[in-house]
Structures are given as structure tokens and as C-alpha cells.
Amino acid sequence: VPISRLQIPLLKVAIIDKEFFARKDHPARQLLNELAYSGSGLDQVDAEDDAALQMVNRIVDTVLNEFTNNTELFERLHDEFTAFINQQRETNKLAREKLENAKTLVANEIRHRIAGNKVPSLISSILINAWKEVLIRLYMRDGMEGAGWNTAIQVADDLIWSVQPKLAVSERQRLIKIIPKVLNGLRDGLTLIQYDHQATENLFAGLEELHLASLRGGVSSVSRNSQPAANVD
């Protein structure tokens, strides 16, 4: 963070205003302190992505471009920067609360589905781990009313149904139709969270065996007891 670029303007303030060193609450000193505190740790942040870093740069540029001998500029910039930081803190607080709500909601959704069905361990694992992250991402982005959330929930339901033994001909016919939809939905969701490619391929290989066993009305070698719901959180 280029706060060091303020060295000459602040030296000029010290010469113009004798209270610069005497007053701890001098606007120029307060602004410098706020910038230094907020700027610590921002050196490795992408300037295009971090709002705080962009704001610090804007403040510094404003001082360099506009300051002549009117020290009121520092008071105005200090007020602007303080208001910005307070807004950022409130935004971050709300984002953290939303994330915690999302984690609780998603854990309950997955726990309900695992507890209510005999789910093979492979499916429990993908729901509790990767698919949990997919649902959290979609909830944070669009909320429960978003199409992405509803689609991901449906994929979870269809996935669980697809690995249950199919004894009726009608169920087998439906399974054959629904498998491509399940696989495509899974791949889209795992791509969203940048899930490991090899882990994805291993999952699909295991799913193929489960689906073949389901079509035969039986249980495959990869089917096991359901994952304990307590592990969802």
C-alpha cells in the first residue's frame, strides 16, 4: 500500500500547521493512522478485487493531487474513509452471519435426506463434503429462491433415489432417463466449487457401479450403511 507516498504532503502539513505534532487528533494524523491500520496486510491483495485497497489508493491519490495548503482536505478525507471502513465492517458482519445461516441450513437439508434414506457411503460422502459446499455457494449467491439452489437440491434428491434398488420396471425405466440429468447436475455443481478432477472421476466410476446395481434391483460392492448424520456439520 503506497502510504509512504504521503511523506512529502505530511511534511508540508507540519510546516504549515504547527499543531500537527501537538495534537494527536489532528485530521492529517488521524487520516494517516487510519490508512496505516487499514492498509496493513493489503500489500499482497489484488488491487482490482479489494475495495479497501482501492479506497486507500484513492485517498492517497487525492492528497497528492489536491493538497496545496488547505489542511481541511485531510478532515474531509478522514471522514470519508472512516464512513467507508464502518460500512465495510457492517457488510462483512452481515456476510459472516449469512454464511453461518447457510451452513446451518445446508447441514439440516443434508442431514434430513441422509437420515430418511438408506444411503450408500459414497453418496453420503459426496453430499456431506462436496455437495454441502455447492449448496452453501449457491445459497450465498442466490438464496433459497434461486434456480441454482433448487436445481442443486433436486440433484441431491435424484442422486439418493437413483442408487436405491429398483424392483419395478417403471422405476428402472425412470432411472435410465434420470441418470444423465443426475450426472450432468453433479458435474456442474462440482465444477462450480472447482472440485478435484480425479476425485470427480472416481466418484462417477463409483456411481456407475451403484446405478448398475440399482437397475438389477440389488446392492453393489460400494454400497454401505449411511453416513452418520452427525458428520454433516
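**Reading a helical model**

D25 is partly exposed, with a relative accessible area of 42%, where buried means under 20%, exposed over 50% and partly exposed in between (1.4 Å probe, protein chains only). D25 forms a salt bridge with R23, a residue that is itself partly exposed at 29% relative accessibility. The closest N and O atoms of this pair are 3.1 Å apart, and a salt bridge here is a side-chain nitrogen of Lys or Arg within 4 Å of a carboxyl oxygen of Asp or Glu.

The structure is a predicted model, in which local features need pLDDT of at least 70 and side-chain atom pairs count only at pLDDT 80 or more, while totals for chains, interfaces and linings use all residues. Residues are numbered from 1 along each chain as its sequence is written, and side-chain values use heavy atoms, with hydrogens and water left out. The mean pLDDT (the predictor's confidence in each residue, from 0 to 100) is 88, and 88% of the residues reach 70 or more. Over residues 43–48, however, the pLDDT is below 50, and this stretch has 7 contacts (heavy atoms within 4.5 Å) beyond near neighbours in sequence. Residues 222–230 also have a pLDDT below 50, and there the model shows 23 contacts beyond near neighbours in sequence.

The protein has 9 helices and 0 strands, counted as DSSP runs (H or I, at least four residues, for helices; E, at least two, for strands) and numbered from the N terminus. Of its 233 residues, 39% count as buried, and among contacts between residues at least 6 apart in sequence, 66% join residues at least 24 apart.

In soluble globular proteins, nonpolar side chains tend to be buried together. In this model the largest nonpolar core (buried Ala, Val, Leu, Ile, Met, Phe, Trp, Tyr and Cys residues joined through side-chain atoms within 4.5 Å) has 37 residues, and those with the most contacts inside it are I123, L127 and W131. Helix 5 (72–115), helix 6 (121–142), helix 7 (147–162), helix 8 (169–192) and helix 9 (197–215) each supply at least two residues of this core, with helix 6 giving the most, 11 residues. W131 touches, among others more than four places away in sequence, A152, V155, L186 and L190. A second, separate core of 22 residues includes L31, I59, L77 and F81.

Returning to the charged side chains, the structure holds 12 salt bridges. E80 forms one with R76, their closest N and O atoms being 3.1 Å apart, and because the two are 4 residues apart in helix 5, they are separated by about one helical turn. R58, E66, R76 and E80 are linked in a network of salt bridges. R187 forms a salt bridge with E201, the closest N and O atoms being 3.4 Å apart; since R187 lies in helix 8 and E201 in helix 9, the pair ties together parts that are 14 residues apart in sequence.

The loop between helix 8 and helix 9 contains Q194, whose phi is near 55°, a positive value in a residue other than glycine. Q194 counts as exposed, at 71% relative accessibility. I15, found in helix 1 (residues 7–16), is also exposed, at 57% relative accessibility.
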